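Got the viewer open? Here is a short selection-by-selection tour, so keep the cartoon on and your selection box handy.

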Amino acid sequence: MTRQEDRGGPRQPLLIAKDLKRHFPIRSGLLNRQTATVHAVDGVSFDVKKGEVLGIVGESGCGKSTTARLMIGLIELDDGQIIFDGDVLGEDITLKELRRGVQMVFQDSYASLNPRLTILDSVAFGPKINGLEDPEGKARNLLKRVGLEPDRFAHRYPHELSGGQRQRVNIARALAMEPRLVILDEAVSALDKSVEAQVLNLLNELREEFGLTYIFISHDLNVVRYISDRVLVMYLGEVVEVGPAEAIYHNQAHPYTSSLFAAMPSMDPDNRTEEPPLAGDPPNPINPPSGCRFHTRCKFAESVCSAAKPKLSVIGGDETHLAACHMMDPASGHSQSFREAAE
Ligand code: SF4
């Protein structure tokens with residue numbers, strides 16, 4: 001696979017998202033007037049380094065899929081900046097150029113494919129219209145690489161394949177464009193557990209083989225832990241915590257992250273909680289709570305929490321682990337209320 005020119009060192013950011021914002025207007029009435037605004041993504045910033053896997057987690061409606069679509073221009077930004085390998089989108093590179101370097105795999109493997117195209121044509125389509133060399137040969141090689149023997153599968157249509165096979169086609173189709181970053185948006189969520197494990201292993205192998213970088217979006221914390229180097233936690237359109245996967249899994253700093261992990265179902269009957277760790281649904285993004293958006297569900301909330309928005313701050317002296325909570329104890333990396341509760 002030919003690679004685009006690589007700027008900077010191997011651990012430099014491949015993509016930087018700066019203060020991304022997207023609000024959706026809600027219109028109603030005969031005159032179709034705007035009556036409300038959904039704050040889907042509100043000032044989200046992060047980076048993903050070359051060769052790493054950044055997991056993005058959060059409840060449904062937290063803005064993780066909208067963030068993914070903003071990164072690839074499927075939804076227009078209201079505000080913010082995307083920088084891809086040093087090039088600013090809209091200044092140094094066009095959306096078309098960005099999409100050559102960033103591909104996306106969606107949850108719905110069937111809707112992602114044209115039902116009238118054979119899978120060979122589906123995989124070869126992108127390279128063909130972008131003038132890449134030997135699109136069919138490339139498609140055959142990639143189908144083989146994702147475990148679909150071209151002699152058996154090349155001329156089948158999407159409805160003749162299982163969900164796992166269709167998702168392999170979608171992965172091959174993404175790789176056919178020779179991307180450097182692949183965004184996987186709930187890409188394994190609809191698969192049976194045994195197929196999910198096979199596709200995750202395939203994704204790990206392809207990352208090594210093609211030198212890829214992934215953004216892996218999922219509501220399944222175990223899957224994110226398996227594949228991610230770093231994890232970013234979103235709540236109601238904002239980032240509340242980001243850090244190395246092991247720190248997020250073993251040493252959560254933000255009360256929302258802790259609640260998410262505590263809500264994970266346990267197979268151990270002695271380890272089941274009577275009380276739900278995270279009560280209620282997330283508030284309506286049309287009218288998000290003031291200050292810390294988690295204050296309406298946080299058992300550690302104090303008056304400052306609804307009055308002022310907490311900033312992401314380094315915790316526990318680890319520059320790579322940040323969380324946004326007023327009660328944070330920077331030394332230990334835990335909220336002060338957590339610490340007091342533990343003492
Ligand atoms: Fe809870 Fe307050 Fe921290 Fe928000 S800032 S997570 S409400 S303690």
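One cut-off before we start clicking: a residue counts as buried when its relative accessible area is under 20%. Also keep in mind that this is a predicted model.

**Stop 1: strand β3.** Select residues 53–57, which make up β3. How many of the five residues are buried? Five of the five, so by that under-20% cut-off the strand is mostly covered. Now show side chains. In a regular strand, side chains alternate between the two faces of the sheet. Here V53, G55 and V57 sit on one side, with L54 and I56 on the other, and all are buried, leaving both faces of β3 covered.

**Stop 2: the partners of β3.** Add residues 213–217, strand β8, which pairs with β3 in the parallel sense over four bridges. To find the register, click G55: its bridge partner in β8 is F216. Then add residues 230–235, strand β9, another parallel pairing with β3 over four bridges. For this pair, pick V57 and look across to V233 in β9.

**Stop 3: an antiparallel sheet.** Next comes an open sheet of four strands, in the order β2-β1-β4-β5 with antiparallel pairing. Which strands stand at the edges? They are β2 (33–49) and β5 (87–88); each has a single partner strand, so one side of each lacks a neighbour in the sheet. Select β1, residues 13–28, and you can follow 13 bridges joining it to β2 in antiparallel fashion. A handy marker there is H23, whose bridge partner in β2 is H39.

Helix α1 (residues 64–71) is the thing to select on top of that: this helix packs on the sheet and touches β1, β2 and β4 (79–84). Compare directions and you get about 75 degrees between α1 and β2.

**Stop 4: the largest pocket.** Switch to a surface view. Rolling a probe the size of a water molecule over the atoms shows where empty space is left. The largest pocket holds about 560 Å³ of space. To centre on it, select R99, Q103, G126, R173 and M177, which lie nearest the pocket centre among its 22 lining residues.

Which element gives the largest share of the lining? That is α3, with six residues. Colour these four elements, each supplying at least two lining residues: α2 (95–101), β6 (102–105), α3 (119–129) and α6 (163–175). Finally, colour the lining by residue class: 12 are nonpolar, six polar and four charged.

Technical notes: Residues numbered from 1 in each chain as written. Predicted model: local features only at pLDDT ≥ 70, side-chain atom pairs only at ≥ 80, totals over all residues. Heavy atoms only, no water. Pairing = 2+ DSSP bridges. Contact = heavy atoms within 4.5 Å. Axes fitted to C-alpha atoms, helices over the stretch in contact; angles between N-to-C directions. 1 Å grid on protein atoms, 1.4 Å probe; cavity = no way out; pocket = protein on both sides within 12 Å on 5 of 7 lines; lining within 4 Å. Points joined across faces, edges and corners; volume = space filled by probe spheres on them. Nonpolar A, V, L, I, M, F, W, Y, C, P; charged D, E, K, R; others polar. Buried < 20%, exposed > 50% of the residue type's maximum accessible area, 1.4 Å probe, protein only.
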